[in-house]
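This report goes through one structure, part by part. Please have the sequence and the model at hand while reading.

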Amino acid sequence: MTETAKSRGLIACTTCARVWPLGQDHCGRCGAALIDRDQRGLQAVWAWWLAGLLCYIPANIYPMLRTKTLFSYDESTIVAGAAELADHGSYGVAAIIIIASIVIPVGKFIAIAYLALNLRDRRRLSQHRRHQLYEVVDFIGRWSMVDVFVVAILSSLIQLQDVASINPGPAAMTFALSVILTMLSAQSFDSRMIWDREDQA
Amino acid sequence: MHDAVPTRYSLATLHVLKDNGRCFRAGAMRGNRTPRSSCDDRWGMAGLTHAETQQTDLIACPKCDALYHEVTPDDDDRAICSRCGTTLFAPRQGSMLTVFAYALTVLVLLFAAVWFPFISIDKSGLHNTSSIFDVALSFSSAAMVPLTIAVGGMILFLPALRVMLILYVLAPLLADKPPLPQAALSFRLSEQLRPWAMVEIFILGVAVALVKVHSLAHVTPGPAFWMFVVLALIATMQDRAACSLSIWKALERR
């Protein structure tokens, strides 16, 4: 059993690592709020998670890009845009878009839900594995924004009067929101909860 | 009664990772640090009093809560949590000056990049040049304004704010002066903003966009594009060079 701040009746600052007596509400060194994970629990995680999921659905149904050329008008969703890239032989770039916009977000929803549910359930993955999973989710989530930046660049660049123009579709907004909300969800997950159970077992 | 209370020595020890990749356990207490004799009694069930935590050398891993005596690793080593592997303490000789220099470079490049063309495009005699502002403002139709603010923040405003906060925090420390007002708040804010400054992700986005467009028209990256590539690189190096515990301790000392 590892000694933890909690097992010694202390509360640790997650910003600067200093420990304080339980019950103190702000860190005396850096001023960050000292959060007791037993009191806050997972409500914030689930709230952001659900909001992110709700935004992710329209992000895949509505068009991300509206492309207008002399003879055609085209609206493409995230998946359709990637498929089009693959058709042109740009497999690498198509893979980046699919990974950033589908694999990472979906994986993130599953991973956060798994981590949050298995605090009670336990077994299946060791604490080390679950901690690694959390680190990956926390690190990789922001890379999903790449598709939003692609849309921003294309719609500022491709403005050639009637010849060709590209404008953002409604999905750009909901997708960006979904990424931001799931980032907040991962951030409000306190990884110390993964390790708390060891001490009780 | 005190038999049940763990002694100070039973804490897990920090791992100090040598640069050659070998790992050894640093003694939690070094010989020259003798524990106070009354220490064991003070580890009562109620924990420490405020005054006592003021004096302790205890730190807890922010990721898994494991409790340690703070051990200063040698230069080029780092102290990692022996339970979850998080780096807790990696002081480097002169690292504050390095971080300061990187931050200043990032700030200069950010300001410069705004004034130069970012990417230009040519198609059947038509020409269009985008600056970074154009990219940030590309979602400017009424319904998309929040997105413009978010994108502008992630690629311009927040990266700039972050490095300015770091410069503000480090400048007096480097000059051996007391910290400026609200230095702790500034440094905390800059740490919190870290995931929201997305310059390197933006660069990947630019690369993808260039591939998407090159079949459609002739695209030329401008000077601002290359500035952004360099500043994304330097911003990453700056984050790797910074040891936040060292900076917190420096702020606390003065």
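Where in chain A does Ala17(A) lie? Ala17(A) sits in the loop that joins β1 and β2 of chain A. Its phi is near 75 degrees, a positive value in a residue other than glycine. Ala17(A) is buried, because 27 other C-beta atoms lie within 10 Å and 20 are enough for that class.

The model is predicted. Chain A has an average pLDDT of 89, and 96% of its residues score at least 70. Within chain A, confidence is highest in helix α2 (residues 43–61), at a mean of 96, and lowest in helix α8 (residues 192–200), at 75.

**The contact between the chains**

Chain A gives 56 residues to the contact and chain B gives 62 residues. On the side of chain A that touches chain B, the elements with two or more residues are β1 (10–12), β2 (19–21), α4 (91–121), α6 (146–157), β5 (159–160), β6 (164–168), α7 (170–188) and α8 of chain A. The largest share of that side, 10 residues, comes from α6(A). Sorted by class, the side of chain A that touches chain B holds 35 nonpolar, 14 polar and seven charged residues.

**The largest nonpolar core**

The largest nonpolar core has 134 residues, of which Leu154(A), Ala172(A) and Ala176(A) touch the most other members. Helix α5 (residues 145–174) of chain B contributes the most to this core, with 13 residues. What does Ala176(A) touch, leaving aside its neighbours within four places in sequence? Ala176(A) is in contact with Met145(A) and Val148(A), and also with Leu147(B) and Ala150(B) of the other chain.

**Chain B and its helix α3**

Chain B has nine helices and nine strands. Of its 254 residues, 38% count as buried. Among the contacts in chain B with a separation of 6 or more, 64% are between residues 24 or more positions apart.

The 21 residues of α3(B) should span 30 Å at 1.5 Å a residue, and the end C-alpha atoms of this helix are 31 Å apart, which agrees. The buried residues of α3(B) are Met96(B), Val99(B), Phe100(B), Tyr102(B), Ala103(B), Val106(B), Leu109(B), Leu110(B) and Ala113(B). They pack against α4 (132–136), α5 and α8 (223–241) of chain B.

Val99(B), in helix α3 (residues 95–115) of chain B, can be followed further. Apart from residues up to four places away in sequence, Val99(B) touches Ile166(B), Leu170(B), Gln238(B), Ala241(B) and Ala242(B). By contrast, the C-alpha atoms of Val99(B) and Ala207(B) are separated by 28 Å, and these two residues are 108 residues apart along the chain.

**Helix α9 of chain B and its surroundings**

In helix α9 (residues 244–253) of chain B, the buried residues are Ser244(B), Leu245(B), Ile247(B), Trp248(B) and Leu251(B). These residues are on the same side of α9(B), because they cover an arc of only 160 degrees around the axis. In an α-helix there are 3.6 residues a turn, so residues three or four places apart point the same way. The buried residues of α9(B) pack against β6 (87–89), α5 and α6 (183–193) of chain B.

Ala183(B) lies in helix α6 of chain B. Not counting residues up to four places away in sequence, Ala183(B) touches Val169(B) and Leu251(B). Ala183(B) and Trp248(B) are 65 residues apart in sequence, with their C-alpha atoms 10.0 Å apart in space.

**A loop residue of chain B**

What is the phi of Asp65(B)? Asp65(B) has a positive phi of about 75 degrees although it is not a glycine. This residue lies in the loop between β3 (58–60) and β4 (67–69) of chain B.

The table lists three buried residues of chain B, with the count of other C-beta atoms around each.

| Residue | Class | C-beta neighbours |
|---|---|---|
| Val99(B) | buried | 26 within 10 Å |
| Asp65(B) | buried | 30 inside 10 Å |
| Ala183(B) | buried | 22 within 10 Å |

How values were computed: Residues numbered from 1 in each chain as written. Chains lettered and ligands numbered in written order. Predicted model: local features only at pLDDT ≥ 70, side-chain atom pairs only at ≥ 80, totals over all residues. pLDDT = per-residue confidence, 0-100. Helix = DSSP H or I, 4+ residues; strand = E, 2+ residues; numbered from the N terminus. Contact = placed C-beta atoms within 7 Å. Nonpolar A, V, L, I, M, F, W, Y, C, P; charged D, E, K, R; others polar. Buried ≥ 20, exposed ≤ 12 C-beta atoms within 10 Å, placed from the backbone. Core = buried A, V, L, I, M, F, W, Y, C linked by C-beta atoms within 7 Å. Expected span 1.5 Å × (residues − 1). Arc of directions from axis to C-beta.
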